[in-house]
Amino acid sequence: MPQALKSINLLAKLRCGIRNVNQNRYSACRLIHSSQNHNYSGAATDELLDRETLHNLDVYSRYNPAPISIKHLLEHGRSAGTADSFLFLRKEIPTRLANMIMELRLLPSSLMEQRECQEIYQDYIRSFKEMMLFEGLTSRPDTHGKFTDSLQNIRIRHIDTVPNMAQAVLRMNKNLRLQDGVRDTIQYFLHRLYPTRLSIPMWMS
């Protein structure tokens, strides 16, 4: 069975029995969330989240990701050249990464304390910082080449994100009895994780 299908089946089992997600409450929590109140991943995350990175995350997480569809991708592929793609993706990819990082920061500590979840969180921060290296650079062939290499690095870095998150959730559920509100928050995140995980490689392609 393909790895992606295994991941879908695993997440489907995790979602069983939970149907109603309070998205408005989750969004409100995100607006008032303070970055100083989270230190789930120890010294490694503290080192990654320097002042400049926190500022950039705040800026890019306020942007809305561009809508994605097969039609949009085909039109972009036909009409956009390398320079146009570079200018678009150097904002779109960090926008999507920043939004995912902010959602990870809202997860309950019981999940964030799981090793796999910490690694996913740190990997998203590394990818975001890597994309920030291209902010403001002149669009020229050598920059395009380096940018393409970075996109490939990011693709490889996140290849196991979904199964690793599933493992973290399974371990947490095995060791803890969660309240419904906590389950709703995790469920909402899981519903978003897989499509978000797919959308970034689609744009990269």
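Four aromatic ring pairs turn up in this predicted model. One of them joins tyrosine 60 and tyrosine 63: their ring centres are 5.4 Å apart and their planes stand at 80 degrees, and since an angle over 60 degrees counts as edge-to-face, that is what this pair is. How buried or exposed are the two partners? Tyrosine 60 is buried, with a relative accessible area of 7%, whereas tyrosine 63 is partly exposed, at 32%.

Another pair brings phenylalanine 86 and phenylalanine 147 together, with ring centres 5.1 Å apart and planes at 90 degrees, so this one is edge-to-face as well. Phenylalanine 86 belongs to helix α6 (residues 82-105) and phenylalanine 147 to helix α9 (residues 141-157), so the pair ties together parts that are 61 residues apart in sequence. Both phenylalanine 86 and phenylalanine 147 are buried.

Here are those two pairs side by side:

| Ring pair | Distance of centres | Angle of planes |
|---|---|---|
| Tyr60 and Tyr63 | 5.4 Å | 80 degrees |
| Phe86 and Phe147 | 5.1 Å | 90 degrees |

Back to the tyrosines: ring pairs link Tyr60 and Tyr63 with Phe128 into a cluster. Tyrosine 63 also has a charge for company, as the charged end of lysine 91 sits over its ring, 4.3 Å from the centre.

Phe128 shows up again around threonine 53, a residue of helix α4 (residues 51-60). Threonine 53 is buried, with a relative accessible area of 5%. What does threonine 53 touch once its neighbours within four places in sequence are left aside? The contacts are Leu48, Ile125, Phe128 and Lys129.

Now for a helix pair. Helix α8 (residues 115-132) packs against helix α10 (residues 161-175) at an angle of about 145 degrees, and the two axes are 8 Å apart. On the α8 side, the contact uses Glu116, Cys117, Ile120 and Tyr124. On the α10 side, Thr161, Asn164, Met165, Gln167, Ala168 and Arg171 meet them. Sorted by type, the residues of this contact come out as five nonpolar, three polar and two charged.

Finally, a word on confidence. The chain has a mean pLDDT of 75, and 63% of its residues reach 70 or more. Where does the pLDDT fall below 50? That happens over residues 3-41, a stretch that has 57 contacts in the model beyond near neighbours in sequence.

Notes:
Residues are numbered from 1 along each chain as its sequence is written. This is a predicted model: local features need pLDDT of at least 70, side-chain atom pairs count only at pLDDT 80 or more; totals for chains, interfaces and linings use all residues. Side-chain values use heavy atoms; hydrogens and water are left out. Rings of Phe, Tyr and Trp (its six-membered ring) pair if their centres lie within 6.5 Å; planes under 30 degrees apart count as stacked, over 60 as edge-to-face and the rest as tilted. Buried means under 20% relative accessible area, exposed over 50%, partly exposed in between (1.4 Å probe, protein chains only). Helices (H or I, at least four residues) and strands (E, at least two) are DSSP runs, numbered from the N terminus. A charge sits over a ring if NZ of Lys or CZ of Arg is within 6 Å of the ring centre and within 35 degrees of the ring normal. Axes are lines fitted to C-alpha atoms, for helices over the stretch in contact, and angles run from 0 to 180 degrees between N-to-C directions. Contact means heavy atoms within 4.5 Å. Ala, Val, Leu, Ile, Met, Phe, Trp, Tyr, Cys and Pro count as nonpolar, Asp, Glu, Lys and Arg as charged, and the others, Gly among them, as polar. pLDDT is the predictor's confidence in each residue, from 0 to 100.
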